[in-house]
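Q: Please take a close look at one part of this structure, a single residue and its surroundings. Then explain how that part fits into the rest of the chain.

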Amino acid sequence: MIFGKKIKELREERGLLQRKLCAALEIDTPMYSKIERGERKAKRSQIPIMAKLFEVDEKELLTIWLADKVLDIVEEDEDEIKNDAIVYAQNEINSVP
C-alpha cells in the first residue's frame, strides 16, 4: 500500500490526471486506480515510466515499490519476527561480494 499512497501523492502534487498516467502506462483508469489504492500491484516495467512522469529518481520509486512487495509478504500477525527477517535479509545482501 505504501507504493500506491506514494504515487497518488506524487500525481496530486504535480497536478497530473490519472488518464495521462494510464495512457503512458497503457492501462485503463480502473486498473490505475486499483494500483493507487493498493488493490493491484504495478509492474516492474512501469516504474521507469512513472518516475519520468513524476520527475523523480527511478531508484527511489523502485525502492518504494520493492519495499511494498516485502511488506506484502510479511503477514500482519508476524510482527514479532518481521524486523528480524528484514535484518537477516539485509545481512545476506551485505555479505554478497
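A: Contact here means that heavy atoms lie within 4.5 Å of each other. The model is a predicted one, and the residue chosen for the close look is Glu 36, which is found in helix H3. Leaving aside residues up to four places away in sequence, Glu 36 touches Met 1, Gly 4, Lys 5, Ile 7, Lys 8, Arg 11 and Gln 18. Glu 36 counts as buried because its relative accessibility is 6%, and buried means under 20%.

One distance shows how the chain brings separate stretches together at this residue. Glu 36 and Ile 2 are 34 residues apart in sequence, while their C-alpha atoms are 9.1 Å apart in space. A pair with another outcome is Arg 19 and Glu 80, which are 61 residues apart in sequence and 41 Å apart from C-alpha to C-alpha.

Among the contacts of Glu 36 is Gln 18, which lies in helix H2. Gln 18 is also buried, because its relative accessible area is 19% and the limit is 20%. Its own contacts, again not counting residues up to four places away in sequence, are Arg 11, Thr 29, Tyr 32, Ser 33 and Glu 36. Arg 11 is therefore on both lists, touching Glu 36 and Gln 18 alike. The residue after Gln 18 in the sequence, Arg 19, lies in helix H2 too. Arg 19 is exposed, with a relative accessible area of 61%.

The touch between Glu 36 and Gln 18 belongs to the packing of two helices. Helix H2 covers residues 18-25 and helix H3 covers residues 29-37; their axes are 9 Å apart and meet at an angle of about 105°. H2 is therefore roughly perpendicular to H3, since angles from 65 to 115 degrees are put in that class. On the H2 side the contact is made by Gln 18, Leu 21, Cys 22 and Leu 25, and on the H3 side by Thr 29, Tyr 32, Ser 33 and Glu 36. Sorted by class, the residues of this contact are 4 nonpolar, 3 polar and 1 charged.

Between these two helices is a loop, and Glu 26 is found there. Glu 26 is exposed, with a relative accessible area of 73%, whereas Glu 36 is buried at 6%. Glu 26 also has a positive phi of about 60°, although it is not a glycine. In general, most residues other than glycine have a negative phi. Glu 55 is another residue with a positive phi, here about 55°, and it is not a glycine either. Glu 55 sits in the loop between helix H4 (47-54) and H5, and it is exposed, with a relative accessible area of 69%.

Back at Glu 36, its contacts include Ile 7, a residue that also takes part in the packing of H1 against H5. Helix H1 (residues 2-13) and H5 pack at an angle of about 145°, with their axes 8 Å apart. H1 contributes Ile 2, Phe 3, Lys 6, Ile 7 and Leu 10, and H5 contributes Glu 60, Leu 61, Ile 64, Trp 65, Ala 67, Asp 68 and Leu 71. By class, this contact holds 9 nonpolar, no polar and 3 charged residues.

Asp 68, one of the H5 residues in that contact, lies in a helix that runs over residues 58-73. Asp 68 counts as buried at 5% relative accessibility. It touches Met 1, Ile 2, Phe 3 and Lys 41, not counting residues up to four places away in sequence. Met 1 is thus a residue that Asp 68 touches, and Glu 36 touches Met 1 as well.

Asp 68 also borders an internal space. A search of the whole structure finds 1 cavity of 30 Å³ or more, and the largest cavity holds about 30 Å³ of space. Its lining consists of Phe 3, Gly 4, Ile 35, Gly 38, Arg 40, Lys 41, Ala 42 and Asp 68. These divide into 3 nonpolar, 2 polar and 3 charged residues. Gly 4, one of the lining residues, is also among the contacts of Glu 36.

As for the whole chain, there are 6 helices and 0 strands. Of its 97 residues, 28% count as buried. The C-alpha atoms fill a box of roughly 40 × 35 × 20 Å along the principal axes. Among contacts between residues at least 6 apart in sequence, 55% join residues at least 24 apart.

How values were computed
Residues are numbered from 1 along each chain as its sequence is written. This is a predicted model: local features need pLDDT of at least 70, side-chain atom pairs count only at pLDDT 80 or more; totals for chains, interfaces and linings use all residues. Side-chain values use heavy atoms; hydrogens and water are left out. On a 1 Å grid over the protein atoms alone, a cavity is a set of points where a 1.4 Å probe fits but cannot get out, and a pocket is an open set with protein on both sides within 12 Å along at least five of seven lines; lining residues have an atom within 4 Å of a point. Grid points are joined across faces, edges and corners, and a volume is the space filled by probe spheres set on the points. Ala, Val, Leu, Ile, Met, Phe, Trp, Tyr, Cys and Pro count as nonpolar, Asp, Glu, Lys and Arg as charged, and the others, Gly among them, as polar. Helices (H or I, at least four residues) and strands (E, at least two) are DSSP runs, numbered from the N terminus. Buried means under 20% relative accessible area, exposed over 50%, partly exposed in between (1.4 Å probe, protein chains only). Axes are lines fitted to C-alpha atoms, for helices over the stretch in contact, and angles run from 0 to 180 degrees between N-to-C directions. Angles under 35 degrees count as roughly parallel, over 145 as roughly antiparallel, 65 to 115 as roughly perpendicular and the rest as oblique.
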